[in-house]
Each structure stands twice: as C-alpha cells, then as structure tokens.
Amino acid sequence: RQRAKGYTLYTDDPVGFIEIVLGDTMWTKQREVAEAVRDHTRVAVPAGHSPGKSWLASRLTCWFATVWPLGTAKVLTTAPKMRQVEQIMWGGAGIRRAHLAGRLPGVVTAHTWKIGNDTLAYGFSPNEWDEDAVQGEHMPHLMLVVDEAGGIGHVLGRAYTSLMSQPHPRLIL
C-alpha cells in the first residue's frame, strides 16, 4: 500500500506511468491514445492488425487501476470471447506481464487483479444478450476496456455505455 501511494504522481500522466513505472516504450499513436483516454470519457481506436491496441489497453488498465486511492477505482476488461480476455488482455504480453514488469502491488490471476479484498480489475465475456452483465458496478473511478469491440453486439454496447454515469468514467473501444 505504501508503494502504491507513489503512483498518484501519474494520475494525469499515463504515458509517464507506462514508460517509467512499467518500463515500456510507446510509439506516437499509442501516446496519442493514452492521452485521449486521460482527457476524454470515451475513446474508440480504429481497427488494424498488430498496431499494439490490446497491448496498450493492458497498460492503460494498469495505469488506471493504480493511480487512484485503493478502493476507489476499478477496471473491467471484456472481449467477445473469454479466450480473448484471458490470452490477449491478461495473458501473453498483457496485464499479467505489465504487472510483473512494473512490480505493481497485488495479485494477478488469469483474469483478476486484487489487493487484499479490493478488486482493481477483472476480465469477463458475457453472453451477447446479457445486458445485466455490468449492472451493479459502481466506483468513483471506473474504466471499461472493450477489446475487439467490433465483435460486441448492440445489446451489450448499450449496457456498457450505461456505466458512463459514474463520477469519473472511461470507456475504451
């Protein structure tokens, strides 16, 4: 917890967090997206193969989950298939690797990040008609990361946008 207090220095600096705390290097467009997430409630990143969207989303998850006081922030990550959540966002070069590289606090499993009883982030993939999938999520700082957003249907899309009523919401598509 003591070490986590130092992350508040990066509340307005996702690029600094990713490059200094996590030790990663970003290219220009990734920096632009990170700053857009900081500055805007909703950010949609155009599709393309292998420009590092999922990699960046995993780093932004780490940034958002750690820069706010413990118990005031949560990140939900989702994708059309649970395989995508676990293998792309959380596995491989995703959240687990960034957590380890940055020596971030807490424990990360296949699709959950916790510090004690507080859940900082978790991944899920609901049925495409389950609009209740995100009901009940309330947090002063709440971010939803929708990876492979082109595969998300209108029912879930509407449910996800309902989360934008939080005090400090972020939606990344």
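Let me begin with one residue, Asp24, which counts as buried at 18% relative accessibility, where buried means under 20% relative accessible area, exposed over 50%, and partly exposed in between, with a 1.4 Å probe and protein chains only. Asp24 sits in the loop between α2 (14-21) and α3 (28-39), and, leaving aside neighbours within four places in sequence, Asp24 is in contact with Ile18, Glu19, Trp55 and Arg59, contact meaning heavy atoms within 4.5 Å.

Before going further, I should say that this is a predicted model, in which local features need pLDDT of at least 70 and side-chain atom pairs count only at pLDDT 80 or more, while totals for chains, interfaces and linings use all residues. Residues are numbered from 1 along each chain as its sequence is written, and side-chain values use heavy atoms, with hydrogens and water left out.

Now to the chain as a whole. Its secondary structure comes to 7 helices and 7 strands, where helices (H or I, at least four residues) and strands (E, at least two) are DSSP runs numbered from the N terminus, and the order from that end is α-α-α-β-α-β-α-α-β-β-β-β-α-β. The radius of gyration of the chain is 15 Å, which agrees with the value near 16 Å for a compact globule of 173 residues; that radius is taken over C-alpha atoms, and the globule rule is 2.2 Å times the number of residues to the power 0.38. Along the principal axes, the C-alpha atoms fill a box of roughly 40 × 35 × 30 Å. Of the 173 residues, 49% count as buried, and among contacts between residues at least 6 apart in sequence, 70% join residues at least 24 apart.

Which helix can we look at for burial? Helix α4 has 13 of its 15 residues buried, so it is largely enclosed by the rest of the structure. Helix α4, residues 53-67, should span 21 Å at 1.5 Å a residue, and its end C-alpha atoms are 21 Å apart, which agrees; the expected span is 1.5 Å times one less than the number of residues.

Let me turn to two further buried residues. Lys74 is found in strand β2, residues 73-78, and counts as buried at 13% relative accessibility. Not counting residues up to four places away in sequence, Lys74 touches a list of residues including Phe64, Tyr122, Glu137 and His141. His99, in helix α6, is buried as well, with a relative accessible area of 10%, and, with the same sequence neighbours set aside, the residues that His99 touches include Cys62, Pro105, Val107 and Trp113. His99 and Ala36 are 63 residues apart in sequence and 22 Å apart in space, C-alpha to C-alpha.

Finally, two residues in loops. Is Arg103, found in the loop between α6 (95-101) and β3 (107-108), buried or exposed? Arg103 is exposed, with a relative accessible area of 62%, and its phi is near 50 degrees, a positive value in a residue other than glycine. Ala133, in the loop between β5 (118-124) and β6 (141-146), is partly exposed, with a relative accessible area of 24%. Ala133 touches Phe124 and Pro126, not counting residues up to four places away in sequence, while the C-alpha atoms of Ala133 and Leu60, 73 residues apart along the chain, are separated by 22 Å.
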